[in-house]
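User: Hello! I'd like a close look at the sheets of this protein and at how the strands in them pair up. Could you walk me through it?

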Amino acid sequence: MPREKITNTINEMSNKKYIKQTNPFKVPTTDGKLIEEHFGHASTRTGGFSVAHMVAPPHWGEPHQSPEFDEVTIVIKGRKLIEIDGEEVEVKAGETILIKAGSRVRYSNPYDEETEYWSVCVPAFDINTVHREEE
């Protein structure tokens, strides 16, 4: 989204008591994962919380991280494997999980089907506070 359109959108948001998201920010990825941020730093320049829709392809995974924000994951389709401080937890469609800030966590989809889910972070996801480890 061009910077001018983002500025106009933010100005419009401040004049209304609601925000209708019709054009989520598609985060560029190199691992086949779809990330559409509906609210947050990249989409609406807001930092209190973020909401993103994601689809992780089969056999996807990311490095461990120790974020400074709480993250709620709501699995819509498939299942997701989450390693939290060394413990593995599988979250299936229809289930949710809250990962508290400061946990050492690794998200993955080691299964043969894709995983669709929503993520809510409080405060908003920020690349500077996620603290991803090198692989």
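To start with one residue: which residue in β7 is the bridge partner of L81?

Analyst: Happy to help! Please keep in mind that this is a predicted model. The bridge partner of L81 is E90, which lies in β7. This pair belongs to the contact between β6, residues 79–84, and β7, where six bridges join the two strands in an antiparallel run.

Let's step back to the sheet around that pair. Four strands make up an open sheet, in the order β4-β9-β6-β7, with antiparallel pairing. The edges are held by β4 (60–61) and β7 (87–92); each has a single partner strand, so one side of each has no neighbour in the sheet. E90 is therefore part of an edge strand.

There is also an open sheet of six strands, again with antiparallel pairing, and its order is β1-β2-β3-β10-β5-β8. Here β1 (25–26) and β8 (96–99) stand at the edges, and each pairs with a single strand, so one side of each is left without a neighbour in the sheet.

You can follow this sheet strand by strand from the β1 edge. Two bridges connect β1 to β2 in an antiparallel arrangement, and K26 has E36 of β2 as its bridge partner. Next, β2 and β3 run antiparallel and are joined by five bridges; among the residues involved, I35 is partnered by M54 in β3. Then β3 is linked to β10 by seven bridges, also antiparallel, and M54 stands opposite Y117 in β10. M54 thus appears twice on this walk, facing I35 and Y117. As for burial, β2 is mostly covered, with five of its six residues buried.

The same strands lead us to the largest pocket, which holds about 560 Å³ of space. It is lined by 28 residues, and those closest to its centre are V27, I35, M54, F125 and R132. The bridge partners I35 and M54 are both in that central group. The elements that give two or more residues to the lining are β2 (34–39), α2 (41–44), β3 (50–56) and β10 (115–122). Of these, β3 supplies the largest share, with four residues. Sorted by class, the lining has 14 nonpolar, eight charged and six polar residues.

Methods
Residues are numbered from 1 along each chain as its sequence is written. This is a predicted model: local features need pLDDT of at least 70, side-chain atom pairs count only at pLDDT 80 or more; totals for chains, interfaces and linings use all residues. Side-chain values use heavy atoms; hydrogens and water are left out. On a 1 Å grid over the protein atoms alone, a cavity is a set of points where a 1.4 Å probe fits but cannot get out, and a pocket is an open set with protein on both sides within 12 Å along at least five of seven lines; lining residues have an atom within 4 Å of a point. Grid points are joined across faces, edges and corners, and a volume is the space filled by probe spheres set on the points. Ala, Val, Leu, Ile, Met, Phe, Trp, Tyr, Cys and Pro count as nonpolar, Asp, Glu, Lys and Arg as charged, and the others, Gly among them, as polar. Two strands pair if DSSP finds at least two bridges between them. Buried means under 20% relative accessible area, exposed over 50%, partly exposed in between (1.4 Å probe, protein chains only).
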